[in-house]
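This report goes through the helices of one protein chain and then looks at a few single residues. Please keep the sequence and the structure in view while reading.

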Amino acid sequence: DSLGGRLGLARVFLAQNEPAEAERIYADVLRREPNNGEALQRLATLAARNSPRAAQARGVLEAANAAAPGAPALALTLASVLTTGGDPARAAQVLE
């Protein structure tokens, strides 16, 4: 159950247009490795899209940040998503 294998599976789910399954896997990856660049980047991309899944992807980032508040890449990714989504005040809180 390696992180590389989990990330590969998430890529397959994205390619098959199953973002909910990919988000679930990325959330698992971030629980294990809060600064995982691929998981952060893919979730940020999903959250930035104006789609029904944007809120769920943002929620995964929020939960990961709550579980690992000292992870700088995670905090920066979440702050960027929040700013892009029109919530700069919350983004500032995340970075404090």
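## Helices H2 and H1

Helix H2 covers residues 19–32, and its 14 residues should span 20 Å at 1.5 Å a residue; the end C-alpha atoms are 20 Å apart, so the expected span and the model agree. The model is a predicted one.

Which residues of H2 are buried? They are Pro-19, Ala-22, Glu-23, Ile-25, Tyr-26, Ala-27, Asp-28, Val-29 and Leu-30. The cover over these buried residues includes helix H1 (3–15), helix H3 (37–48) and helix H4 (54–67).

The length check can be repeated for H1. With 13 residues at 1.5 Å a residue, H1 should span 18 Å, and because its end C-alpha atoms are 18 Å apart, the two values agree. The buried residues in H1 are Arg-6, Leu-7, Gly-8, Ala-10 and Phe-13. H2 and H3 are among the elements that cover them.

After H1 comes Asn-17, which lies in the loop between H1 and H2. Asn-17 is not a glycine, yet its phi is positive, at about 60 degrees. Is Asn-17 buried or exposed? Its relative accessible area is 64%, which is over the 50% cut-off, so Asn-17 counts as exposed.

## Confidence

The protein chain has an average pLDDT of 89, and 98% of the residues score at least 70. Within the protein chain, confidence is highest in H1, at 95, and lowest in H3, where the mean is 85.

## Two helix contacts

Two packed helices are described by the distance between their axes and the angle between those axes. Both values are available for two pairs here.

The first pair to consider is H3 with H4. Their axes come within 7 Å and cross at roughly 145 degrees. The crossing of H3 with H4 is left-handed. On the H3 side, the residues in contact are Leu-40, Leu-43, Ala-44, Leu-46 and Ala-47, and they meet Ala-54, Ala-57, Arg-58, Val-60 and Leu-61 of H4. How many residues of each class make up the contact of H3 with H4? There are nine nonpolar residues, no polar ones and one charged one.

The next pair is H4 with helix H5, which covers residues 72–84. The axes of H4 and H5 come within 10 Å and cross at roughly 145 degrees. H4 and H5 also cross in a left-handed way. From H4, the contact is made by Arg-58, Leu-61, Glu-62, Ala-64 and Asn-65, and from H5 by Leu-74, Ala-75, Thr-77, Leu-78, Val-81 and Leu-82. By class, the contact of H4 with H5 has seven nonpolar residues, two polar and two charged.

Arg-58 of H4 is listed in the contact with H3 and also in the contact with H5. Leu-61 of H4 is likewise listed in the contact with H3 and in the contact with H5.

## Four partly exposed residues

Next come some single residues in helices. Gly-4 is found in H1, as is Val-12. Thr-83 belongs to H5, and Ala-92 is in helix H6, which covers residues 88–95.

What do their accessible areas say? A residue is partly exposed when its relative accessible area lies between 20% and 50%. Gly-4 has 48%, so it counts as partly exposed. Val-12, at 41%, is partly exposed. Thr-83 is partly exposed too, with 45%, and Ala-92 is partly exposed with 39%.

The table gives, for each of these residues, a partner further along or back in the chain and the distance between the two C-alpha atoms.

| Residue | Partner | Separation in sequence | C-alpha distance |
|---|---|---|---|
| Gly-4 | Gln-41 | 37 residues | 15 Å |
| Val-12 | Arg-49 | 37 residues | 19 Å |
| Thr-83 | Ala-48 | 35 residues | 9.9 Å |
| Ala-92 | Gln-56 | 36 residues | 21 Å |

Which residues does Thr-83 touch, not counting those up to four places away in sequence? Thr-83 touches Pro-88 and Ala-91.

Terms used: Residues numbered from 1 in each chain as written. Predicted model: local features only at pLDDT ≥ 70, side-chain atom pairs only at ≥ 80, totals over all residues. Heavy atoms only, no water. Helix = DSSP H or I, 4+ residues; strand = E, 2+ residues; numbered from the N terminus. Expected span 1.5 Å × (residues − 1). Buried < 20%, exposed > 50% of the residue type's maximum accessible area, 1.4 Å probe, protein only. Contact = heavy atoms within 4.5 Å. pLDDT = per-residue confidence, 0-100. Axes fitted to C-alpha atoms, helices over the stretch in contact; angles between N-to-C directions. Left-handed = near helix turned anticlockwise from the far one by under 90°. Nonpolar A, V, L, I, M, F, W, Y, C, P; charged D, E, K, R; others polar.
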